[in-house]
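This briefing introduces the sheet and helix packing of one structure. Please look over the sequence and the model before reading the points below.

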Amino acid sequence: MRGEAVLGLGGTIDYELHWDAGALEAAAAATGIASLAEAPPAVIDSERALVLSLLHHLRAGTGGEHFVASADVIEAFAARFGYRTTLGGTPVRAALAMSALGVGSTVHLVSIDDDVRRLLPPDVEYLCSAVEDSTDPHLIVQFPAGARIRLAGEEVVAPAANRLIYPCDLPNARLVLSDRLPEALAGARVFLISGLNSIQQPAILQERLAQLRDAVRSLPSDAVVLYEDAAYHVPAFAAEVHAGLAPVLDVFSLNEDELTTAVGRPVDLRDAVAVAAAVREVAERLGVPAVVLHTRFFATAYGEDAERLRSFLEGGVAVSAARYALGDGATRAEVERLWSAGPRSTTGVAVASRLAQLGPFAAVPALDLADVAHPTTIGLGDSFVGGAVAALVGVPV
């Protein structure tokens with residue numbers, strides 16, 4: 001089943017920090033940050049800018065992704081903490097989640113090194129556009145709800161757990177496509193498109209969009225083209241990507257932060273009417289057959305055939321919940337046990353029920369995992385994709 005799902009477009013090497021409030025306090029003191037009166041930096045070009053950005057996100061309880069100008073900044077900050085090296089990127093983490101379910105796949109990579117070769121499971125094949133090895137780290141910070149950081153002038157408290165990604169990755173910024181991609185797509189049932197958010201040059205973006213529109217012509221006529229949204233390093237590029245790919249997409253998927261960006265306003269996830277209006281706005285703007293929104297409370301699909309995506313939603317919610325509660329490598333048995341026994345989010349149940357009354361929505365409540373002591377917050381959207389794609393190739397949870 002490896003060739004049935006082709007997951008692109010780039011993977012990463014991640015430095016996953018071990019959370020250490022004391023180390024972050026020391027970094028703030030060393031870089032002269034006494035309070036958050038200063039606005040978040042527009043450019044992450046120093047360790048001070050990175051710490052300031054992180055603290056602003058922590059105070060708001062929000063996730064995000066911001067390009068770092070130099071790998072030296074990442075290395076200096078990571079040296080203050082303990083960390084482990086893992087594989088990242090939406091297609092690779094989705095492939096890892098699928099592998100744990102017993103479902104193989106093919107990933108498209110734009111960079112590779114010995115860590116990638118060592119850490120990819122045997123049932124994950126890859127094609128790679130790189131002509132030589134390179135290591136281009138992504139710094140991953142996961143902070144818990146209630147985390148307290150004492151600065152000289154104030155105390156910063158996280159209202160919710162979340163994750164932050166700080167990459168310095170030129171191969172993903174170029175996102176060169178392999179000449180073998182059309183061949184790989186020829187027998188695929190699902191093609192995942194992600195990673196275009198890393199591009200920072202207009203000419204490169206337009207070239208990749210044209211190449212992708214050509215590549216999807218190699219897919220069988222009944223294949224599903226799935227786009228997973230992300231935080232764009234150049235925010236203006238998001239609208240170009242959405243419009244440029246919409247004609248070839250079957251499913252446009254995004255999370256709650258990306259929905260807020262897409263509609264340009266906060267969306268109260270507890271208000272089904274507000275959620276429905278925002279999702280409908282995205283769907284009408286793009287003209288795609290289905291829009292999928294995955295959040296901490298529920299996942300929903302909107303479109304005339306939305307109900308056909310119910311197993312897609314269930315697979316995504318189940319696998320992302322298992323990652324949140326159990327971390328890396330949750331087995332199919334563990335996913336199924338958690339999914340069958342876990343309590344559902346009260347908010348998710350209420351919103352899902354109401355959405356069904358507001359139009360062609362299919363909705364699945366998330367699990368209530370408030371009691372998880374040490375949640376994993378990185379890769380939840382990627383794991384959602386993995387569970388959802390597994391369902392699309394006929395292996396639902």
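Axes are lines fitted to C-alpha atoms, for helices over the stretch in contact, and angles run from 0 to 180 degrees between N-to-C directions. The model is a predicted one. The points below cover an open sheet of five strands, one strand of that sheet, E10, and the packing of helices H2, H3 and H4.

**The sheet**

- Five strands make up an open sheet with mixed pairing, and their order is E3-E10-E7-E2-E4.
- E3 and strand E4 (83-88) are the edge strands, each of them pairing on one side only.
- Strands of a sheet pair through backbone hydrogen bonds, either parallel or antiparallel.
- Strand E2 (residues 12-17) runs parallel to E7, with four bridges between them.
- Ile13 stands opposite Pro137 of E7.

**Strand E10 and its neighbours**

- Strand E3 (residues 64-65) and E10 run parallel and are joined by two bridges.
- Glu65 has Ile165 of E10 as its bridge partner.
- On strand E7 (residues 137-143), the pairing with E10 is antiparallel and has six bridges.
- Gln142 has Arg163 of E10 as its bridge partner.

**Burial of E10**

- Strand E10 (residues 162-167) has six of its six residues buried, so E10 is largely enclosed by the rest of the structure.
- Buried here means under 20% relative accessible area.
- In a regular strand the side chains alternate between the two faces of the sheet.
- Both faces of E10 are covered: one side has Asn162, Leu164 and Tyr166, the other has Arg163, Ile165 and Pro167, and all of these are buried.

**Helices on the sheet**

- H2 packs on the sheet and touches E3, E7 and E10; the direction of H2 makes about 160 degrees with that of E10.
- Helix H4 (residues 90-100) lies across E2 and E4, and its direction is at about 90 degrees to E4.

**H2 against H3**

- Helix H2 (residues 47-60) packs with helix H3 (residues 71-78) at an angle of about 65 degrees, and their axes are 9 Å apart.
- Angles of 65 to 115 degrees count as roughly perpendicular, and H2 and H3 are therefore roughly perpendicular to each other.
- The crossing of H2 and H3 is right-handed.
- H2 contributes Glu47, Leu50, Val51 and Leu54 to the contact, while H3 contributes Val73, Ala76 and Phe77.
- By class, this contact of H2 with H3 has six nonpolar residues, one charged residue and no polar residues.

Key: Residues numbered from 1 in each chain as written. Predicted model: local features only at pLDDT ≥ 70, side-chain atom pairs only at ≥ 80, totals over all residues. Heavy atoms only, no water. Parallel < 35°, antiparallel > 145°, perpendicular 65-115°, else oblique. Left-handed = near helix turned anticlockwise from the far one by under 90°. Contact = heavy atoms within 4.5 Å. Nonpolar A, V, L, I, M, F, W, Y, C, P; charged D, E, K, R; others polar. Buried < 20%, exposed > 50% of the residue type's maximum accessible area, 1.4 Å probe, protein only. Pairing = 2+ DSSP bridges.
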